[in-house]
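Grab a pencil and open the model viewer. Here are some short exercises, each with a solution worked out step by step.

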Amino acid sequence: MAGSSTTPSASLLLLLILLFCFSAAAKEILVGGNIDAWKIPSSESDSLNQWAERSRFQVGDHLVWKYDGGKDSVLQVSKEDYPNCNITNPIKEYSDGNTKVKLDHPGPFYFISGEKGHCEKGQKLIVVVLTPRGSSRYIGISPAPSSAELEEGPAIAPTSSATALHSALVMSLGVLFAMWSF
């Protein structure tokens, strides 16, 4: 009978653990951190890749671009087309001025301006998406390829917060099962 008296608190603990795990839910991230960021950068330090190197992107997040759709566009391109600014064969093309792209898998995503000459002047972006926390589906895939692999792109080191979250979850589940068994 003692096990049944702890069931409500065990259920509450499980609910709190699940809420904690999902509190890091998908986000909408404004590219460059401001509305007019999708433009030719004024300097190397103003490039969107500098911004992306300081940011963390998770599977399920959405990148949002705000720009004048009559004067520019966003092209998602392959790794091979990125360094050459090849606008002729995009994976996806967006020109609505309010572009929203879901980051649906870990690894790099490559974006360039669709306006002729803009990419060559630095209007491009590589976003590296981290492997989902606690996902066994992607075991063995590096969440942040090296700079050499990205060819001019950012190398984002994985944070220890994913490991800490996993450890906290395992420990919490252990406590939950210990409470439930008594």
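The exercises below go through a disulfide, some aromatic rings, two neighbouring contacts and the nonpolar cores.

Before you start: this is a predicted model, where local features need pLDDT of at least 70, side-chain atom pairs count only at pLDDT 80 or more, and totals for chains, interfaces and linings use all residues. Residues are numbered from 1 along each chain as its sequence is written, and side-chain values use heavy atoms, with hydrogens and water left out.

**Exercise 1.** Find which cysteines form a disulfide, and say where they sit.

*Solution.* Start with the idea: a disulfide is a covalent bond between the sulfur atoms of two cysteines. Here the test is a pair of cysteine sulfur atoms within 2.5 Å. One disulfide turns up in the structure. Its partners are C85 and C119, with sulfur atoms 2.1 Å apart. Next, place them on the chain: C85 is in the loop between α4 and β5, C119 is in the loop between β7 and β8 (124-130), and 34 residues separate them. (Helices are DSSP runs of H or I with at least four residues, strands are runs of E with at least two, and both are numbered from the N terminus.) Then check the twist: the angle about the S-S bond is -70°, and the link of C85 and C119 is left-handed. Last, look at accessibility, where buried means under 20% relative accessible area, exposed over 50% and partly exposed in between, using a 1.4 Å probe and protein chains only. C85 has 8%, so it counts as buried, and C119 is buried too, at 2%.

**Exercise 2.** Work out whether the rings of Y82 and Y110 are stacked, tilted or edge-to-face.

*Solution.* Rings of Phe, Tyr and Trp (its six-membered ring) pair if their centres lie within 6.5 Å; planes under 30 degrees apart are stacked, over 60 edge-to-face, and the rest tilted. That rule gives five aromatic pairs. For Y82 and Y110, the centres are 5.4 Å apart and the planes meet at 50°, so this pair is tilted. It joins distant parts of the chain: Y82 belongs to helix α4 (residues 81-84) and Y110 to strand β7 (residues 107-113), 28 residues apart. Y82 is buried at 0% relative accessibility, and Y110 is buried at 5%. As an extra, K124 lies over the face of Y82, 4.7 Å from the ring centre; the cut-offs are NZ of Lys or CZ of Arg within 6 Å of the centre and within 35 degrees of the ring normal. Elsewhere, ring pairs connect W38, W65, F109 and F111 into a cluster.

**Exercise 3.** Decide for Q76 and for I91: buried or exposed?

*Solution.* Take Q76 first, in strand β4 (residues 74-77). Its relative accessibility is 11%, so Q76 is buried. Now I91, in the loop between α4 and β5 (92-94): with 53%, I91 is exposed. Leaving out residues up to four places away in sequence, I91 touches Q76, V77 and S78, where contact means heavy atoms within 4.5 Å.

**Exercise 4.** Identify which residues have the most contacts inside the largest nonpolar core.

*Solution.* A nonpolar core is a set of buried Ala, Val, Leu, Ile, Met, Phe, Trp, Tyr and Cys residues joined through side-chain atoms within 4.5 Å. The largest one has 20 residues, and F57, L63, W65, F111 and L125 have the most contacts inside it. At least two core residues come from each of α3 (48-53), β3 (62-66), β7 and β8. Apart from this core lies another, of nine residues, including V77, I112, C119 and V128.
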